[in-house]
Amino acid sequence: MNIRMAAAADSEALRDIYGQYIDTPVTFECTLPGKEEFRRRVLEVLARYPYLVWEEDSRILGYSYAHRQMEREAYQWN
């Protein structure tokens with residue numbers, strides 16, 4: 001197991017994992033972001049907060065990151 005900081009090149013693998021949860025309440029989003037949008041988000045997080053990747057045998061299996069609270073679409077009525 002290897003835990004490391006994410007990189008822009010990881011964005012497609014991270015998006016694939018994220019996409020598995022888009023139709024659940026976990027993401028607080030209604031649609032899966034496009035590839036370029038997701039890459040932009042990864043870079044935006046990395047500019048201010050940690051974005052960790054869990055990998056084994058050079059394959060990304062999971063991730064965790066910090067971000068500003070309440071920025072998702074589901075919070076629009078708060």
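1. Contact here means heavy atoms within 4.5 Å of each other. Keep that in mind as you look at this predicted model, and start with helix 1, which lies across strand 2 and strand 3. Helix 1 runs at about 75° to strand 3. Helix 2 packs on the sheet as well, and it touches strand 1, strand 2 and strand 3. The direction of helix 2 makes about 115° with that of strand 2.

2. Now for the sheet itself. It is an open sheet of 3 strands in the order 1-2-3, with antiparallel pairing. Strand 1 (2-5) and strand 3 (59-65) are the edge strands, each pairing on one side only. From one strand to the next, the twist averages 30°. As a general reminder, strands of a sheet pair through backbone hydrogen bonds, either parallel or antiparallel.

3. Take a moment with strand 2 (residues 51-56) and strand 3. These two run antiparallel and are joined by 6 bridges. Which residue of strand 3 is the bridge partner of Tyr51? The partner is Tyr65. Tyr51 and Tyr65 also belong, together with Tyr63, to one aromatic cluster.

4. Aromatic rings deserve a point of their own, with a count of 4 aromatic pairs. One of them brings together Tyr18 and Phe38: the ring centres are 5.3 Å apart and the planes meet at 55°, so this pair is tilted. Tyr18 lies in helix 1 and Phe38 in helix 2, so the pair ties together parts that are 20 residues apart in sequence. Both Tyr18 and Phe38 are buried.

5. Tyr63 and Tyr65 make an aromatic pair that is stacked, with 6.1 Å from centre to centre and 15° between the planes. Are these two residues buried, exposed or partly exposed? Tyr63 counts as partly exposed because its relative accessibility is 23%, and buried would need a value under 20%. Tyr65 counts as partly exposed too, at 25% relative accessibility.

6. Next, please find Glu29, in the loop between helix 1 (11-19) and helix 2 (35-48). Why does Glu29 count as buried? Its relative accessibility is 13%, and the cut-off for buried is under 20%. The side chain of Glu29 makes a polar contact of 2.3 Å with the side chain of Tyr18. A polar contact of 2.8 Å links the side chains of Glu29 and Arg41. Tyr18 is thus worth a second look, as it also takes part in the tilted pair with Phe38.

7. The loop between strand 2 and strand 3 is a good place to practise reading backbone angles. Most residues other than glycine have a negative phi. Asp57 is found in this loop, and its phi is positive, near 50°. Ser58 lies in the loop too, with a positive phi near 65°. Asp57 is exposed, with a relative accessible area of 79%, and Ser58 counts as exposed at 72% relative accessibility.

8. Finally, turn to Arg48, which has its place in helix 2. Is Arg48 buried or exposed? Arg48 is exposed, because its relative accessible area is 63%, and exposed means over 50%. How many residues apart in sequence are Arg48 and Arg68? They are 20 residues apart in sequence, and 9.7 Å separate them in space, C-alpha to C-alpha.

How values were computed:
Residues numbered from 1 in each chain as written. Predicted model: local features only at pLDDT ≥ 70, side-chain atom pairs only at ≥ 80, totals over all residues. Heavy atoms only, no water. Helix = DSSP H or I, 4+ residues; strand = E, 2+ residues; numbered from the N terminus. Buried < 20%, exposed > 50% of the residue type's maximum accessible area, 1.4 Å probe, protein only. Polar contact = N/O pair within 3.5 Å; in protein donor to acceptor, adjacent residues only side chain to side chain. Phe/Tyr/Trp six-rings, centres within 6.5 Å; stacked < 30°, edge-to-face > 60°. Pairing = 2+ DSSP bridges. Axes fitted to C-alpha atoms, helices over the stretch in contact; angles between N-to-C directions.
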